[in-house]
Amino acid sequence: MSKERVDVLIIGAGPAGLAAAISAKEHGIDSVLVLERENQPGGILKQCIHNGFGLRRFNEELTGPEYAQRDIDRANELGILIQCNTSVLSVSCDRKVTCVSVEYGFQVIECKAIILAMGCRERPRGAIGIPGTRCAGIYTAGAAQRFVNLEGYIPGKRIVILGSGDIGLIMARRLTLQGARVLACVEVMPYSSGLNRNIVQCLQDFNIPLLLNHTVVDIKGKERIGSVTVAKVNDLREPISGTEIEFDCDTLLISCGLIPENELSRGAGVVISPVTNGAIVNEKYETSVEGVFACGNVLHVHDLVDYVSSESYRAGKAASEYVMGECESDNMIIEVKDGYGVRGVVPQMIHKHVDDSVSLMFRPTKVFHNCEVVIKSDMETIYRKKVRVLTPGESSIIQMNSDIIMGINSKVITVDIE
């Protein structure tokens with residue numbers, strides 16, 4: 001067993017972990033270590049060979065590997081140590097990280113600050129309770145993406161997709177281009193959970209039907225899936241008898257949402273939000289455990305990697321300030337709550353005395369047209385912004401400048417949609 005000490009340790013070398021590490025290094029921290037369980041950095045971007053990344057951050061369209069490589073190259077330029085093939089076993093509340101790898105063996109690393117950037121995982125069939133036989137041919141959309149893009153296997157020829165998350169939409173196009181036939185994309189909600197551009201480019205451009213207010217009610221097949229039965233649902237998301245449609249298929253892809261990987265966070269005593277399934281953080285992305293920060297999809301699921309990078313860069317800066325003792329003590333905390341039409345505002349806490357603007361990110365609970373995003377303090381409106389359309393498939397961001405925050409007199413503010 002080896003014992004080491006580092007100033008800032010980042011768990012995860014995906015886009016969040018890389019951006020946080022780069023930021024910490026650029027803000028004066030020499031001792032930065034990134035731990036990654038896979039054999040190379042880049043995270044999920046390695047298998048996202050489609051374009052559309054980097055439009056906000058780099059003002060150009062990149063593929064996932066190209067986007068990741070820019071951060072990998074920058075990390076190498078800065079001399080950031082990325083330790084791959086390393087599994088983190090635990091994180092303690094006193095900032096000790098226990099991990100194991102073939103090259104370094106069993107390690108206990110003491111850290112001045114920890115940044116959690118473990119990303120998220122897909123919701124599997126067992127988590128959504130689809131009835132039917134336990135046959136082969138049922139995959140998450142991300143697993144299918146890895147098979148096709150990294151390993152060169154096509155999972156099937158006649159495919160139904162359950163859920164309209166972005167990975168599922170993108171795989172509808174990818175599999176069509178590989179010669180498969182995507183019969184339908186089935187979504188239980190009255191709206192898609194993916195980006196509008198993916199609905200247009202991945203479904204409509206290939207004449208793939210999107211069945212809203214529908215779900216899979218049965219799976220048939222002995223060794224391999226032979227068909228799925230889809231039915232319309234009512235307002236309570238219950239199947240409506242007599243609306244069943246049977247699709248003869250050999251593959252079912254599940255794209256029903258992502259779950260932040262917070263097992264390590266819970267082990268460290270970090271308080272988890274029941275809404276986002278990520279840590280509750282302040283505007284510096286510091287969790288309830290002092291010196292432990294969280295960013296990226298382990299904090300809340302993002303729709304654009306550009307948002308992940310910008311958020312993680314701020315978390316890396318905050319962690320470096322904490323290590324160097326530059327964080328001002330402030331016992332005045334403003335709680336940020338979800339109001340009407342708003343779900344999962346992050347951060348959930350703001351220090352009243354801030355030097356810069358604070359970005360609040362959330363998703364609407366349904367589709368809104370010609371509405372206003374309003375922030376209220378003691379029933380007094382302190383912020384108002386007109387928006388043409390809000391949809392649950394896309395994150396909404398509010399920039400609150402320091403003057404607005406300094407003028408808040410209550411300990412709670414609420415974000416509403418009117």
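Which residues make a nonpolar surface patch of about 240 Å²? In this predicted model, the patch is formed by Leu89, Val100 and Phe106. Val100 belongs to strand β5, which spans residues 96-101. With a relative accessible area of 32%, Val100 is partly exposed; residues need over 30% to be included in a patch, so Val100 qualifies on this count.

Turning from the surface to the interior, the largest nonpolar core comprises 62 residues, and those with the most contacts inside it are Leu9, Ile10 and Ile11. Helix α8, covering residues 305-323, supplies the largest share of this core, with 7 residues. Another core lies apart from it and has 24 residues, including Ile350, Leu360, Leu390 and Ile417. For a closer view of the larger of the two, Leu9 is a helpful place to start. Leaving aside residues up to four places away in sequence, Leu9 touches Leu33, Leu35, Val97, Ile109, Cys111, Ala113, Ile114 and Ile115.

Helix α4, made of residues 141-151, offers a neat case of one-sided burial. Its buried residues are Ala141, Gly142, Ala144, Gln145, Val148 and Asn149. These residues cover an arc of only 155° around the axis, and therefore sit on the same side of α4. The spacing fits the general geometry: an α-helix has 3.6 residues a turn, so residues three or four places apart point the same way. Among the elements that cover the buried residues of α4 are strands β7 (120-122), β8 (138-140) and β15 (251-254), together with helix α5 (166-177). Just after α4, Gly152 adopts a positive phi of about 80°.

Helix α3, residues 125-128, includes Ile128, which is partly exposed at 30% relative accessibility. Not counting residues up to four places away in sequence, Ile128 touches Arg123, Leu162, Ile254 and Cys256. One of these partners, Ile254, is 126 residues from Ile128 along the chain, yet their C-alpha atoms are separated by 9.7 Å.

Charged side chains come next. The structure holds 15 salt bridges. One of them joins the side chains of Asp7 and Lys112, at 3.4 Å from N to O. This pair links distant parts of the chain, since Asp7 is in strand β1 (residues 2-11) and Lys112 is in strand β6 (residues 105-116), 105 residues apart. Lys112 is partly exposed, with a relative accessible area of 45%.

A salt bridge also connects Glu38 and Lys46, with an N to O distance of 3.0 Å. Glu38 is partly exposed at 30% relative accessibility. Lys46, by contrast, has 15% relative accessibility and is therefore classed as buried, given that the cut-off is under 20%.

The side chains of Arg74 and Glu77 meet in a further salt bridge, at 3.1 Å from N to O. What separates these two residues along helix α2 (residues 64-77)? They are 3 residues apart, which amounts to about one helical turn. Arg74 is partly exposed at 30% relative accessibility, whereas Glu77, at 59%, is exposed. Beyond these pairs, a network of salt bridges links Arg37, Arg121, Glu261 and Glu263.

The backbone also has some points worth a look. Most residues other than glycine have a negative phi, and most peptide bonds are trans. Against that background, the peptide bond from Val346 to Pro347 is cis, with omega near 0°. Pro347 is in the loop between β19 (342-346) and β20 (349-351).

Asn277 has a phi near 65°, a positive value in a residue other than glycine. Its place is the loop between α7 (263-267) and β17 (292-294), and Asn277 is partly exposed, with a relative accessible area of 28%. Asp378, likewise not a glycine, has a positive phi of about 55°. Asp378 is found in the loop between β22 (368-377) and β23 (380-390). Is Asp378 buried or exposed? At 61% relative accessibility, Asp378 counts as exposed, because the cut-off for that class is over 50%.

Key: Residues numbered from 1 in each chain as written. Predicted model: local features only at pLDDT ≥ 70, side-chain atom pairs only at ≥ 80, totals over all residues. Heavy atoms only, no water. Core = buried A, V, L, I, M, F, W, Y, C linked by side-chain atoms within 4.5 Å. Buried < 20%, exposed > 50% of the residue type's maximum accessible area, 1.4 Å probe, protein only. Helix = DSSP H or I, 4+ residues; strand = E, 2+ residues; numbered from the N terminus. Contact = heavy atoms within 4.5 Å. Patch = residues over 30% accessible without salt bridge, like charges linked within 9 Å, V, L, I, M, F, W, Y side chains within 5 Å. Areas by Shrake-Rupley, 256 points an atom, 1.4 Å probe, with all protein chains shown as cover. Salt bridge = Lys/Arg side-chain N within 4 Å of Asp/Glu carboxyl O. Arc of directions from axis to C-beta.
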